Structures are given as C-alpha cells and as structure tokens.
Amino acid sequence: VERDLEGAGIVFLVHVTEPENSARIAAALDHFRPRHHAVIVINCLGDLMRRTSLGQLDFFRRWAGLPEGRKPTAARRLARKLGSWMNAYARARGKGRPHHGQYLAFLRHLPTILRFIPAAGPLADLRHYLTLYCYCAQPTPGNIRSMILYAARHYVPGFDRKVLPDPPESKPVMGIYHPDAPHLFESFEQYRKWYEGRLGPQDGGRVSRLDPERTIGVLLMRPQVISGARGHYDALIRIIESEGMPVLPVLSTLMDNRQAFGAYFVDPARRSARVSQVLSL
C-alpha cells in the first residue's frame, strides 16, 4: 500500500472501517501527501475522512473550527456529516441501535442535492466530491470508469479535458435480484408478479410460486450485484431452485441487514414471514 501511495497521483479510499488499518493508511497518506493531486475518501472512519483533499476542499480545514461568532455554512455542515457518519454508524451499531436509515435517505436524495450546488466558485470542489460519491455509491463497471475519468479530468494537470465521463448511473438502494430478471425489483409485489408469471408452476425443477413455507431468502451484498461480480450468487440461486425451492434474493446495504429483512422477508400486513429460512452471503 505504501508503494502504491508513493507513486499515485490520485488516491481513492473506500470503506476502510478497521481502526488499525485506518491509522496505518492515514500515516502513509500524510507522508506522501505532497505527491497526490487529490485524495478521495468515501465511507471511511473519521481519521481518513479528514484527509480528503480535492482542490480547495480540504476536510482538515472544514473540521478545524470557525472563528468566534461565525455560524457554519451549509457546505461545512454537509462536509461534517459526510466525514462523521461512519463513526456515528459504528457507535450506534455497537449499542444495537440502527443508524443506516439516514444514509439510505442521503443516497436517494443525493442527485437532487447536486442540482443545488454550483459547478463553479468556492463550492465547486464539494460538488465534484459529491459527484464522485454518486459514482462510488453505484459501483457499476461504467460508473467506476467514469469516476476515475472524472477525478483525472478535474485534478490531474494536463489531462485531456475533452474526455468526458458519462453521468452517474443509478440503481435502487435496496431491492430484489434474480439472474434471469431484466432489472432489480424495488418491491416484493413487483418481484412476485415477475417470478410467479414466468413459465407456469414448474420449469425444469424450478418452482415459480413464492410459497412462504418453501421460499428461501438470500441476503446478497449490493456492490457485488451491481458491479457484475455476481457469478457465485447466480450459481447458488439456480442450485436452490433446481432442488425445487423458490428463492427471494435481497440486496443488503452496508453491514446492517435489518432494513432489508423488514422490507422484503416480512409481510407487514399479515405480520408473517415471506420465507422459511434465510441464507446470508
């Protein structure tokens, strides 16, 4: 890691949540800081988030405090929230209190927030950071390519600014996945209509009716599904179906799957389970 940091022009740090690793990387970042055109830190612990640096956006200065009598600007408040939410999430999770609802709401509203941040002037770097966040939060192959191009275009001296990245693709924050489906399903009813209406009661041993007594719930990690690294998921889903059991594969966001359970594995109207058991991957 130190060798890579020494030679890098742009550094991306994503989802580093282990304190010892975070401290080691932070020390290496400080050592090689003059070499980096930009350091983009997303969803990491606070000591790394504070090392985010893009042009005039420096989390060190954002968090250093304000002169007496001055109120924090909206940009400063947003920077603080982005820099501290992972720490707050870890504390709440340790006490058994879910803290992911605010983050999911933030992901849903981020495209709208971006429209109100100017692309030039003192807030331009904040807008660039949030755009990069949009790409990273939806890690499709196209978004990862565009994220790197976007950072290089704005922060690498001499980079060809005629090379334009595509706008961020958007995928549901939570949803139901199936390898044979044309898209993700945001509601259980949408998935049931597709699943049970495919080819009749059975197709080569695959059961199409979502009987709660036989359906297997499967928890999948969202980044693997939308990035295309899902071959192992697809194989397991088809193996379960080949044994005559229907499958309800649900995307789990972050490390806490309680919201996914409540949204898809439980019928709120009947207060009953939609699955007989759950396999967590």
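This is a tour of a predicted model, stop by stop, with a selection to make at each one.

**Whole chain**

Start with everything shown and coloured by secondary structure: the protein has 12 helices and 11 strands. There are 281 residues, and 45% of them count as buried. Switch on a surface if you like; the accessible area comes to about 15000 Å², and carbon and sulfur atoms account for 53% of it. Of the contacts between residues at least 6 apart in sequence, 63% join residues at least 24 apart.

**Strands β7 and β8**

Select residues 247-252, which form strand β8. How many of the six residues of β8 are buried? Six of the six are, so the strand is largely enclosed by the rest of the structure. In a regular strand, side chains alternate between the two faces of the sheet. Show the side chains of β8 and check each face in turn: V247, P249 and L251 lie on one side, with L248, V250 and S252 on the other, and all are buried.

Now add residues 216-221, strand β7. β7 and β8 run parallel and are joined by six bridges. To find one of the pairings, pick G217; its bridge partner in β8 is L248.

**Strand β2 and I40**

Move to residues 38-42, strand β2, and pick I40 within it. Is I40 buried or exposed? I40 is buried, with a relative accessible area of 0%. Setting aside residues up to four places away in sequence, I40 touches I10, V11, F12, L13, L54, Y129, L132 and A151. Display these eight neighbours as sticks to see what surrounds the side chain.

From I40, draw a C-alpha to C-alpha distance to R51: the two residues are 11 apart in sequence and 8.3 Å apart in space.

**R51**

Centre on R51, in the loop between α3 (46-49) and β3 (53-54). R51 counts as buried, at 13% relative accessibility. Add A26 to the view; its backbone oxygen is 3.5 Å from a polar atom of the R51 side chain.

**H128 in helix α7**

Select residues 124-137, helix α7, and pick H128. H128 is buried because its relative accessible area, 10%, is under 20%. Leaving out residues up to four places away in sequence, its contacts are Y150, H154 and Y155.

**Helix α9**

Select residues 188-196, helix α9, and colour F188, Y191, W194 and Y195, the buried residues of the helix. These four cover an arc of only 135° around the axis, which puts them on the same side of α9. The spacing helps to read this view: an α-helix has 3.6 residues a turn, so residues three or four places apart point the same way. Look down the helix axis to see the arc.

**Salt bridges**

The whole structure contains 10 salt bridges. Three of them make the last stops.

For one within a helix, select R24 and E20, whose side chains meet at 2.9 Å, N to O. Why are these two separated by about one helical turn? They are four residues apart in helix α2 (residues 19-32). R24 counts as exposed, at 55% relative accessibility, while E20 is partly exposed, at 47%.

Next, select R33 and D58, which form a salt bridge of 3.1 Å, N to O. This pair links distant parts of the chain, 25 residues apart: R33 sits in the loop between α2 and β2, and D58 in strand β4 (residues 57-58). R33 is partly exposed, at 27% relative accessibility, whereas D58 is buried, at 9%.

Finally, select D180 and R198, joined by a salt bridge of 3.7 Å, N to O. They too link distant parts of the chain, 18 residues apart, with D180 in the loop between α8 (141-155) and α9, and R198 in the loop between α9 and β5 (202-203). D180 is partly exposed, with a relative accessible area of 34%, and R198 is partly exposed, at 21%. Add R238 and E241 to the selection: salt bridges that share partners join D180, R198, R238 and E241 into one network.

Key
Residues numbered from 1 in each chain as written. Predicted model: local features only at pLDDT ≥ 70, side-chain atom pairs only at ≥ 80, totals over all residues. Heavy atoms only, no water. Buried < 20%, exposed > 50% of the residue type's maximum accessible area, 1.4 Å probe, protein only. Contact = heavy atoms within 4.5 Å. Areas by Shrake-Rupley, 256 points an atom, 1.4 Å probe, with all protein chains shown as cover. Pairing = 2+ DSSP bridges. Arc of directions from axis to C-beta. Polar contact = N/O pair within 3.5 Å; in protein donor to acceptor, adjacent residues only side chain to side chain. Salt bridge = Lys/Arg side-chain N within 4 Å of Asp/Glu carboxyl O.
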